Amino acid sequence: MSKIFASIVSAGMILMLASTPVRSEEWIMASGYADSNFHTKNIRMFIKEIEEGTSGGLKIALNSNDTLIKLDAIKRSLQAGQIPIGEMRLGVYGNEDPMYILAGLPFIAPNYATAWLLKDMQKPYFDKLFAEKGLKILYYAPWPGQGFYTKFPVKSTGDFKGKKLRIYSTATQKMGQMLGFNATILPFAEIPQAFSTGLIEALFTSPQTGIDIQAWDNTSNFTYAGAIFSKNNVVVNLKAWNKLDATTRAVVLKASARAEQRGWEMSAATTKAQIKILQKNGMTTANAPDQVISEMKKIGEAMMADWKKQASPEAVAILNRYLALTQ
């Protein structure tokens with residue numbers, strides 16, 4: 001009789017445990033771009049896959065478009081543990097380590113195939129660098145090729161002399177200066193105000209960013225150069241990561257791999273469509289003249305030589321291995 005009673009009690013306890021909801025982990029995420037941006041769309045798909053893959057065990061609330069933390073402050077917030085996950089723009093942090101701006105040197109990786117190869121070769125270096133700061137990179141996604149937004153048609157680099165250009169990294173600032181611009185680094189969110197106050201009169205950025213800030217309100221021409229396929233990445237705080245169980249971490253890693261592949265595909269698909277959007281909004285678009293491309297390539301070579309002088313031996317070794325495969 002006691003065995004029967006024990007079996008009943010045991011069965012009851014199993015039913016109670018089965019009906020008890022599993023406590024879900026809830027993360028807050030910060031990103032810097034509008035919901036219309038393909039980076040943000042990719043992140044939302046990434047989040048959805050995680051929530052579905054964990055049956056709601058890990059939920060992520062995305063705060064996009066700088067609404068929670070400004071884009072360039074997200075890395076610091078991640079390191080401080082203020083948020084568990086966020087999106088970063090690598091090129092902002094060149095003052096911390098030259099590796100951050102390697103992909104931002106003009107024409108070092110001038111198409112998606114070479115940009116992907118460079119990304120893969122940089123991974124071990126970045127993994128170590130971020131782990132030392134208590135962070136883990138989940139995936140990388142590239143921006144489309146870049147171009148010049150101006151109030152005039154670009155015929156040669158002589159058209160750039162003395163013009164006030166907004167750029168987004170130390171590498172592109174140096175490039176802008178070498179092209180003749182008066183180049184200033186400004187956060188994405190400050191671009192419209194900078195135009196209205198006369199602080200800038202031109203941009204060097206992707207078609208995506210031009211659409212996000214409605215560049216046609218302040219410029220009339222877009223001159224596509226390609227040249228640079230800089231990267232964003234999605235990063236998690238290691239303490240928050242280590243609190244997840246092994247099954248959840250596996251789901252996140254699978255979703256990260258899909259998000260990386262998807263992000264590159266989305267980036268590649270956007271350029272032609274987005275140039276059409278610029279045209280639809282009244283902008284004149286053109287490919288950069290040969291003289292501009294030639295000068296940018298020379299600048300890229302000069303910047304690479306300077307980069308090698310500043311980078312660590314480990315970073316230089318990565319660049320040399322990459323060049324051996326691509327030249």
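Start with two helices, H5 and H10, which are oblique to each other, a word used here for angles that are not under 35 degrees (roughly parallel), not over 145 (roughly antiparallel) and not 65 to 115 (roughly perpendicular). Select residues 170-178 for H5 and residues 290-310 for H10, and you will find them packed at an angle of about 130 degrees with their axes 10 Å apart. The axes are lines fitted to C-alpha atoms, for helices over the stretch in contact, and the angles run from 0 to 180 degrees between N-to-C directions. The names of helices and strands come from DSSP runs (H or I of at least four residues for a helix, E of at least two for a strand), numbered from the N terminus.

Before going further, note that this is a predicted model, in which local features need pLDDT of at least 70 and side-chain atom pairs count only at pLDDT 80 or more, while totals for chains, interfaces and linings use all residues. Residues are numbered from 1 along each chain as its sequence is written, and side-chain values use heavy atoms, with hydrogens and water left out.

**Between H5 and H10**

Now show the side chains of Ala-171, Lys-174, Met-175 and Met-178 in H5, which meet Met-296, Ile-299, Ala-302, Met-303 and Asp-306 in H10, where contact means heavy atoms within 4.5 Å. Sorted by class, this contact holds seven nonpolar, no polar and two charged residues; Ala, Val, Leu, Ile, Met, Phe, Trp, Tyr, Cys and Pro count as nonpolar, Asp, Glu, Lys and Arg as charged, and the others, Gly among them, as polar. The crossing of H5 and H10 is right-handed, meaning that the near helix is turned clockwise from the far one by less than a right angle, whereas an anticlockwise turn would make a crossing left-handed.

**The whole chain**

Zoom out to see the chain, which has eleven helices and eleven strands, and whose C-alpha atoms fill a box of roughly 100 × 45 × 30 Å along the principal axes. Of its 327 residues, 52% count as buried, that is, under 20% relative accessible area, with exposed meaning over 50% and partly exposed the range in between (1.4 Å probe, protein chains only). Among contacts with a separation of 6 or more, 78% join residues 24 or more positions apart.

**H2 against H9**

Next select H2 (38-53) and H9 (residues 246-280), whose axes come within 9 Å and cross at roughly 155 degrees. H2 and H9 are therefore roughly antiparallel to each other, and H2 passes H9 in a right-handed crossing. By class, their contact has nine nonpolar, six polar and four charged residues.

**Inside the cores**

Which residues touch the most other members of the largest nonpolar core? Colour Phe-126, Phe-130, Phe-148, Phe-204, Met-296 and Trp-307, which do so in a core of 83 residues; such a core is a set of buried Ala, Val, Leu, Ile, Met, Phe, Trp, Tyr and Cys residues joined through side-chain atoms within 4.5 Å. A second, separate core of 21 residues includes Ile-43, Ala-141, Leu-244 and Ala-255.

Move to Gln-122 in helix H4 (residues 112-131), which counts as buried because its relative accessibility is 1%. Setting aside residues up to four places away in sequence, Gln-122 touches Met-99, Leu-102, Lys-231 and Ile-318.

**Loops and distant partners**

In the loop between strand E3 (85-89) and H4, select Phe-107, which is buried with a relative accessible area of 18%. How far apart in space are Phe-107 and Lys-297, C-alpha to C-alpha? They are 6.0 Å apart, although their positions lie 190 residues apart in sequence terms. Beyond its neighbours within four places, Phe-107 is in contact with Ala-225, Ala-227, Ile-293, Met-296 and Lys-297.

One of these, Ala-227, sits in the loop between strand E9 (221-226) and strand E10 (231-237), and its phi is near 70 degrees, a positive value in a residue other than glycine. For contrast, go to Ser-55, whose phi is near 50 degrees and also positive. Is each of these two residues buried or exposed? Ala-227 counts as buried at 2% relative accessibility, whereas Ser-55 is exposed at 70%.

Finish at Leu-238 in helix H8 (residues 238-243), which counts as partly exposed at 23% relative accessibility. Apart from neighbours within four places in sequence, Leu-238 is in contact with Ala-131, Gly-134, Leu-135 and Lys-136.
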